[in-house]
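Please walk through the fold shown here, from its sheet outwards to its core, its loops and the surroundings of its ligand.

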Amino acid sequence: MAHFEDATHEYSEDHSSPEGEVLSRLRRDTWLTTTKPQMLSDPIQGRFLSTISKMVRPNRILEFGTFTGYATICLSEGLAPQGEIHTVEINDELERIHDTYFKEAGICEKITRHYGHALDIIKSGEIKGEFDLIWLDADKEHQIEYAEFAISRLRSGGWLLIDNVIWGGAVIDMKKRAKPESGASRIHQLNKYIQDHKDVENVLIPVWDGVQIAMKI
Ligand SMILES: C[S@@+](CC[C@H](N)C(=O)[O-])C[C@H]1O[C@@H](n2cnc3c(N)ncnc32)[C@H](O)[C@@H]1O
């Protein structure tokens, strides 16, 4: 999720539950040791994912785009007691940080990690069964394939969340959208795909960089 530019963000953070000590150290470690730390969810976005998860109380969560595991840990906070989370990440150099912080968060036994390109992981068949909550936050080139897979794997009444669906405002820039390979065009196609999909009801929330929330009918 992209960051708020205005002071209300700070106000929101000051009036929300804190992220907690493990997540705070993970944030610091991410900024000290990774090359694109700005990909990290900020505390409010993390609390948003945690809250959604606590509302859904999922038995099974699927995430595309683990990065350093910040959102993974936030999402895991709402898991049902015997619940599990599967998370997919292309960069296996992040394994060390996953090892450290999934252990500190006490969720190692609840997590199945899948390292590789999300499309290859989908094709391999290693992700099995239905999910109650799916969070898409990997690359933006194959979002429709990921969304198609996600919808096919959601149980009825399950929830799909997709990040960055406003793409910094580019989705309403007609010149950018006219270029078929542009991010604006891809994300616009994704939003149309979700809106027109017969199996989901959706709302595109215009906060941060835009979040699609869709429920499988
Ligand atoms: C925006 S970051 C995810 C941030 C994370 N959800 C968080 O809140 O901290 C996107 C992640 O997707 C991963 N990624 C990019 N392309 C991918 C692909 N094709 N398959 C799997 N993961 C991919 C990147 O390596 C990166 O770690």
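The paragraphs below take up the sheet, the helices packed on it, the core, a few loop residues and the ligand shell.

The model is a predicted one, and its backbone may be approached through the sheet. Seven strands make up an open sheet, arranged in the order β3-β2-β1-β4-β5-β7-β6 with mixed pairing. The edges are taken by β3 (111-115) and β6 (200-205), each of which has a single partner strand, so that one side of each is left without a neighbour in the sheet. From one strand to the next the twist averages 15 degrees. Strands of a sheet pair through backbone hydrogen bonds, and such pairing may be parallel or antiparallel; both kinds can be followed here, as the pairing is mixed.

The parallel kind is seen where β1 and β2 are joined by five bridges, with Arg 60 standing opposite Glu 84 in β2. Of the six residues of β2, five are buried, and the strand is therefore largely enclosed by the rest of the structure.

The antiparallel kind appears around β7 (residues 211-216), which is joined to β5 (residues 154-163) by five bridges and to β6 by six bridges. Between β5 and β7, Leu 160 stands opposite Ala 214, while Leu 161 stands opposite Ile 213. Ile 213 is also the bridge partner of Val 203, which makes Ile 213 a convenient residue from which to trace both pairings of β7.

Two helices can be placed against these strands. Helix α3 (43-56) lies across β4 (131-136) and β5, and its direction makes an angle of about 165 degrees with that of β4. Helix α9 (residues 183-196) lies across β6 and β7, running at about 140 degrees to β6.

Which residues of the largest nonpolar core touch the most other members? The core has 51 residues, and those with the most contacts to other members are Tyr 70, Ile 134, Trp 135, Leu 136, Tyr 146, Ala 150 and Leu 160. Leu 160, already met as the residue opposite Ala 214 in β7, thus belongs to this group. Trp 135 illustrates contacts reaching along the chain: when residues up to four places away in sequence are set aside, Trp 135 touches Leu 49, Glu 63, Ala 71, Leu 75 and Leu 161.

The loops hold several residues that deserve separate attention, and backbone phi is a useful guide to two of them. Most residues other than glycine have a negative phi. Arg 57, in the loop between α3 and β1 (60-64), has a positive phi of about 50 degrees although it is not a glycine. Arg 57 counts as partly exposed because 13 C-beta neighbours lie inside 10 Å. Trp 208 likewise takes a positive phi near 50 degrees, in the hairpin of β6 and β7, which has five residues between the strands. Is Trp 208 buried or partly exposed? Trp 208 is buried, because 20 other C-beta atoms lie within 10 Å, and 20 is the number at which a residue begins to count as buried.

Asp 209 lies in the loop between β6 and β7, as does Trp 208. Asp 209 is partly exposed, with 18 other C-beta atoms within 10 Å. The C-alpha atoms of Asp 209 and Trp 167 are separated by 5.9 Å, although the two residues stand 42 residues apart along the chain. Another pairing across the sequence involves Met 39, which is found in the loop between α2 (21-33) and α3 and is partly exposed, with 14 other C-beta atoms within 10 Å. The C-alpha atoms of Met 39 and Tyr 70 are separated by 10 Å, with the residues 31 apart along the chain.

The ligand may now be placed within this picture. Its shell consists of 16 residues, the closest being Ser 41, Gly 65, Phe 67, Ala 71 and Asp 139. The elements that give two or more residues to that shell are α4 (70-76) and β2 (84-89). By class, the shell comprises nine nonpolar, four polar and three charged residues. Two links lead back to the earlier paragraphs: Ala 71, listed among the closest residues to the ligand, is touched by Trp 135 of the core, and β2, one of the elements contributing to the shell, is the strand with five of its six residues buried.

Terms used
Residues numbered from 1 in each chain as written. Predicted model: local features only at pLDDT ≥ 70, side-chain atom pairs only at ≥ 80, totals over all residues. Near = placed C-beta within 6 Å. Helix = DSSP H or I, 4+ residues; strand = E, 2+ residues; numbered from the N terminus. Nonpolar A, V, L, I, M, F, W, Y, C, P; charged D, E, K, R; others polar. Buried ≥ 20, exposed ≤ 12 C-beta atoms within 10 Å, placed from the backbone. Core = buried A, V, L, I, M, F, W, Y, C linked by C-beta atoms within 7 Å. Contact = placed C-beta atoms within 7 Å. Pairing = 2+ DSSP bridges. Axes fitted to C-alpha atoms, helices over the stretch in contact; angles between N-to-C directions.
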